[in-house]
Amino acid sequence: MAQAVRTGHEAVGLADRDGLAGAPRFFQAAKKAGLRPIVGAEVSLPGDSLVTLLVENREGYRNLSRLLTARARGGVNEWSAPGPLAGRGFEEPELLKGLVALASEASVLDALIPLFGRYRTFVEVQRHLTRESHGHAFGLFDLAESRGLRAIATNGVLHAKPQGRRLVDVFTCLRNHTTLSRAGRLLSENAERHLKRPTDMAALFADRPDVLRNTEALSDRLRFTLSDLGYRFPDYPLPPGETNDSFLRAITEAGARNRYRPYHDKARAQIEKELGVIAKLGLAGYFLIVWDLMQFCKAEGILAQGRGSAANSAVCYSLGITAVDPVGMELLFERFLSEERGEWPDIDIDLPSGDRREKVIQHVYKKYGPHGAAMTANVITYREKSASREIGKVLELPDDVVDNVSRQMRRFEWHDTKDTFDARLERAGVDRSDLRLKVFARLFHDIQDLPRHLGQHSGGMIVAQGRLDEVVPLQPASMPGRTIVQWDKEDCADLGIIKVDLLGLGMMAALQDTISILSSTGVEIDIAHLPANDPKTYAQICAADTVGVFQIESRAQMATLPRMKPDHFYDLVVEVAIIRPGPIVGQMVHPYLDRRAGRKPVEYPHPSLEPILKRTLGVPLFQEQLLRMAMTVAGFTGGEAEELRRAMGFKRSEKRMAEIEAKLRTGMGRNGIEGAVQDQIVKSIASFALYGFPESHAASFALIAYASAYLRAHHHAAFVCALLNNQPMGFYHPMTLVKDAQRHGVKFLPVDVTKSEVVCTLEGGPVRVGLNYVTSLRAPAAALIVEERARRPFASIEDFARRTKLHADELERLASIGALAPFDRTRRDALWQVAALGRSPGPLFDTSSLRPGEAISPLPPMSTLDRLRADIMGTDLTIGPHPVARFRDMLKQAAVLRAVDLPHRRDGDFVRVAGAVICRQRPGTAKGFLFLTLEDETGLVNVIVRPDQFDRFRKLLTDAPLLRVDGVLQSKEGTTVRAMNVSLINEEPEEALPEIPVRSFR
């Protein structure tokens, strides 16, 4: 858009191929630049032909959107159109009204004229300073004259500036699955398809000024913009005699009497206030639709909880949408909705991930029909790894070079200025004199953050009254049974399209599964009525014994918990919110913890702020506090305060910030707040606005955190069983969850084809590992094993193999992990017997002379190390000894401490620790520090690595699975080792283990 302004254009158009994916961002950018955006799309035809359809009015837009939807869904063959348009989605001329067609081929133009008429059909002419395009233009002029059509001039723009051609060539190669050296005539002949000045276009068509006049006249006709989509939220089917407002009031009152016992005056007044705002804004129908969705979840027994700013609403709480009482917690409704903003609220609903969430999603599709509901898309952009791999392919770099370079791409959020592209190439060990690498570097930087493809958003659902496909094109998702729109959630929000987020939360699934597991053993648990402030639960939380607990299991949370010492619910709300980029960057964590521990006094910027900041000891931690501060010190309304938060948020405008700051200072001046105190408050609000976490969001998460901590403390076996069945989720790999549970006394039983179910189960007290943990075992095969076993027990390995019809590699995997042991066979015997299946019994596999119980395999039984390797390779975990345990004697001789020994050492002691690397983090807020979590047979060790040490030991720290760390113990509150030296636990190759599962976080 900037280039269009620089080159003197007043209107610009975007025609994506077979879609409108880029239209919203194009529209917003054009509006910001003061340009008039023209909406359209290129529609592909057989034989690489194209027709460009441009929108004249809203009717034309609706028709284009429906046409693109029908083509994407593949349901266009029932429509008829002549010639090359047959089966391409072109219906009767009546359904193409409001559209203008541009083409450059005689056969296509002849087919378009009966559908669009000569007034709406144009011949598109381009000249790109080549002999071929110049000659072709004269042919098109003759074609237009012979058909009685007008010719218009375009430039087929593919890049803003001439130098953009090189990246266009890369995309051409990727689209055609070829390389630059083989692409040939697929590539642009020159760099002329850039945005030219009007004077340059006039010079190109100096011999035909009429064509340029036709272009200007057509541009003036195309006045439709995306500000006029005609979207409508669905109407709720009301009972007779009710309006949206009256029915919402009735169900809210009923829900409030159930939630508030007694239904006190403060709650009644808040609900009355909220219902008044909802009625004024005409939003009652939205709340009814969301309530209806929650009723479906309740009827189906699906755990569901609203979160986000909706938790600030007493109406949402009364309707059962959220689980946090905003009146009791004194949350601010205006953070969710205000009359001044006059916009749609945003309600997020957490659902159990997996089949139960999918059931809710499919319910929405069924209720609103194939044209009335869809999920929002997610624009996937090029990142470092994807960019390096795809550009490497286009440049025909050797696979090993591409792999090496890709592995060196930035793994963490922290941006290290010393981690230059040249440094990465050097670490990759490639020949930097290769000219292709110089081209690679330039293209790598050019392609960053550009769109790669459309994906599916995690849960944003749109519903519409009438046809959603007349508002935005729909297309099938990669997942069967789902439809998505071509725009992401931000695009939809910018254009006034309302979404409801149906988010899959692994912990919700784990909680529901834990309840089901316990119910099957006769223990009934109600998540909504867990004992408050349970001592055992909070004892584990204060000890940072929280592996697997929602939100408070990360290294940073574990480091804070012993300092925070939570002992009631609001402490958990603060804990959830405080370890976030905002409070960390805003330097709020240490002041809060120091005040909580009594090391620093509690102070307030102004006495009037004490009621707002008292619960957080004078330190602003939540967005709601920001809003209340502005309302108290400057007399802002709730809506004005929310506008302040937005103006100072991620899309901050310097001009808007200056205006609101002036308003803030004026308001404080009226209240007698001047000078240094005023400056301090403004600075506090301005620095906090970008980073503050919503208190309502933290409270919703804290409820789940407490529930998961309670279940872990009192029903650890059932809880870890449910966690294992809902992976991937959380901070830790399943192997760490198993080892942590074992340290807490939970017993595990191995995979056993005669007992294991498809998923992990409780077998009395112990957890039986499920068939789902057998790597390479197909899900249908696992189900068949259980089904066949239910018919009758397996008699032998031969019987098992014959009835389940497993692949050879699946049988070998089961044998190697000991899952065939119930047939009285060691792992090597079972492997030998599996290998003999289907073979002629030659002398090698002849077992006729063996006595009963005698080993079949001539090989010795697996050693402990062999079994450990087989377990990790075959199930990604082991229920046997921890991998580090086998090195303990050697480590003990080197004075290496166990994790359990560290709390008994003094702060500042020099210590040596060792373990499997289970987590790596280098967050953007950490100034280049790397955080490692090591695990040994006794527990976890947190390690901090300074930036200079990271540079020194980079390869070990990013690649090695087992590490020894020498460093200084920091144990004033919690235990952490500050690394001074890093080395491998063991250098002996025969002692090597397969790759230990690790989770690295950006």
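Q: Which residues does T69 touch, not counting residues up to four places away in sequence?
A: In this predicted model, local features need pLDDT of at least 70, side-chain atom pairs count only at pLDDT 80 or more, and totals for chains, interfaces and linings use all residues. Residues are numbered from 1 along each chain as its sequence is written, and side-chain values use heavy atoms, with hydrogens and water left out. Contact means heavy atoms within 4.5 Å. On that basis, the residues that T69 touches are D469, V472, P473 and L474, not counting residues up to four places away in sequence.

Q: Why does T69 count as buried or exposed?
A: T69 lies in helix 3 (residues 58-73); helices (H or I, at least four residues) and strands (E, at least two) are DSSP runs, numbered from the N terminus. Buried means under 20% relative accessible area, exposed over 50%, and partly exposed in between (1.4 Å probe, protein chains only). Because its relative accessibility is 1%, T69 counts as buried.

Q: Which helix gives the largest share of the largest nonpolar core?
A: A nonpolar core is a set of buried Ala, Val, Leu, Ile, Met, Phe, Trp, Tyr and Cys residues joined through side-chain atoms within 4.5 Å. The largest has 111 residues, and those with the most contacts inside it include L814 and F800. Its largest share, 10 residues, comes from helix 31 (residues 695-714).

Q: How many residues of helix 22 are buried?
A: The buried residues of helix 22 (residues 555-564) include M558 and L561. They pack against several elements, among them helix 21 (535-542) and strand 17 (910-921). The helix is mostly covered, the number of buried residues being 8 of its 10.
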